Amino acid sequence: MDVECAPKVLIPFLEDCYYDHVTVESSPLERYVAEMLDGADVEIVASVDVTALGPQRHQMVFTSATLPEDTVQRIVYRADLDWNPVYSSIQFPAELNRRPASGAAVGAYVSVLTAQQDYIENCALLSAVQIVAATGKVRQIRLAAYDALLRVRDLSRDRTALSTAERRAELARINETMAEQELQLTFGVETACEIGILIPALRVENFHRQLIECAGLTDNVSTVSAMLTRLASVLSAEQASQESIDARKQDLRRLRYGVAVGFLSVVAVPIGIILGFFGGSYREVDAGRSIFDWRHYYPMYLSVFGLVFFAGAVFLFLFWRERRELGRVTGTVTP
């Protein structure tokens, strides 16, 4: 917006713009932007509300006149108050303040460039757009990471509410979301912290770095990166817990089938031996005697019972050996 007024008049105007208390021909700023885009035949993705003004913003003031330092700080803080340098966080880029007739001041939400060249103003505007977009992206990633953390917590609390397949699918979706957010943090935010590759100008690069410092973008990136790292740790622990539960279920299932098959073997094998003996044409088998005649058939029965006892003894020996080996590994048994 081109405004012809005294410098201090910009203070309430910037305040109204910051809180969207501005109308253009009786239309709110958001609606006016939407009408401009529609009139220019700009294609807009239906799922994205590009005209909604988010909380991330940075105001820039360009003036051809040199302003006193006290006036600059009033504009940057949007407050008509005396300046106290002790409590000021305004940055003055050295490369933009070398010339006596020009200057620049960078704040967290407002920057002022005085008597700068047109291409410097344009590049500074592009720098601010890049930083605001990156800050908005950091906010989205932070909300997505927090939402993913809540989903992981709900999965940890309500283990019985979902089946194993549903829990695996939900963990896979959370893992995919986290990977996407890490990709967005790298290519959508961290790449915005360097503008010298795109615009090889020392003054623009100096302004960009000062704006990053004032906006706290580096600290926000570190915070969100730490959130994603902790989320990855929590997600890995939850996946390990799920794998442990699945392994336990598999062990119990194998134990159930093993006990059933073992029981059938213990019962069926001796009976099969006995029936095979009495069903064969052996001279020891007397057709006139019952198969339960112990006095006559006790050698065969003792052989079968001895075989069963020997199998049980082998099992107990292997069980004792396994416990001893595990004790040596864990240190509970001395060799």
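**Exercise 1. A helix over strands**

Task: Work out which strands helix α3 lies across, and at about what angle it runs to β5.

Solution. Start by finding helix α3, which covers residues 69-77. Helices (H or I, at least four residues) and strands (E, at least two) are DSSP runs numbered from the N terminus. This is a predicted model, so local features need pLDDT of at least 70, side-chain atom pairs count only at pLDDT 80 or more, and totals for chains, interfaces and linings use all residues. Residues are numbered from 1 along each chain as its sequence is written, and side-chain values use heavy atoms, with hydrogens and water left out.

Next, look at what sits against the helix: α3 lies across β3, β4 and β5. Contact here means heavy atoms within 4.5 Å. Last, read off the angle, about 145° to β5. Axes are lines fitted to C-alpha atoms (for helices, over the stretch in contact), and angles run from 0 to 180 degrees between N-to-C directions.

Now try helix α1 (residues 10-18): it lies across β3 and β5 and runs at about 150° to β3.

**Exercise 2. The sheet itself**

Task: Put the strands of the open sheet in order and say which are the edge strands.

Solution. Step one is the order: the 3 strands go β3-β5-β4, with mixed pairing. Two strands pair if DSSP finds at least two bridges between them. Step two is the edges: β3 (59-63) and β4 (103-106) each pair on one side only. Step three is the twist: neighbouring strands are turned by 10° against each other on average, direction ignored.

Zoom in on β4 and β5 (residues 110-114): they run antiparallel and are joined by 4 bridges. A hairpin of 3 residues takes you from β4 to β5. For a landmark, Gly103 stands opposite Thr114 in β5.

**Exercise 3. Two faces of β4**

Task: Sort Gly103, Ala104, Ala105 and Val106 by the way they point, and decide whether they are buried or exposed.

Solution. Remember the general idea first: side chains in a regular strand alternate between the two faces of the sheet. In β4, Gly103 and Ala105 point one way, while Ala104 and Val106 point the other way. As for cover, all of them are buried. Buried means under 20% relative accessible area, exposed over 50%, and partly exposed in between (1.4 Å probe, protein chains only).

**Exercise 4. Salt bridges**

Task: Find the partner of Arg151 and say which helices the pair ties together.

Solution. First, the rule: a salt bridge is a side-chain nitrogen of Lys or Arg within 4 Å of a carboxyl oxygen of Asp or Glu. The partner is Glu170, with the closest N and O atoms 3.0 Å apart. Arg151 sits in helix α4 (residues 118-157) and Glu170 in helix α5 (residues 164-189), so this pair ties together parts that are 19 residues apart in sequence. Arg151 is partly exposed at 22% relative accessibility, whereas Glu170 is buried at 16%.

Compare that with Glu205 and Arg209, whose closest N and O atoms are 2.6 Å apart. Both lie in helix α6 (residues 202-215), 4 residues apart, about one turn of the helix. Glu205 is buried at 18%, and Arg209 is partly exposed at 48%.

There's also a network of salt bridges linking Asp70, Arg74, Asp80 and Asp82. The count of salt bridges comes to 11.

**Exercise 5. A nonpolar patch**

Task: Name the residues of the nonpolar surface patch and place Leu318 in its helix.

Solution. Know what qualifies: patches are made of residues with over 30% relative accessible area and no salt bridge, with like charges joined within 9 Å and nonpolar side chains (Val, Leu, Ile, Met, Phe, Trp, Tyr) within 5 Å. The members are Phe310, Val314, Phe317, Leu318 and Trp320, and together they have about 540 Å² of accessible area. Such areas come from the Shrake-Rupley method with a 1.4 Å probe; for residues, only the protein chains shown count as cover. Leu318 belongs to helix α8 (residues 294-330) and is partly exposed, at 47%.

**Exercise 6. The whole protein**

Task: How many helices and strands are there, and what share of the residues is buried?

Solution. Count 8 helices and 5 strands. Then check cover: 29% of the 335 residues are buried.
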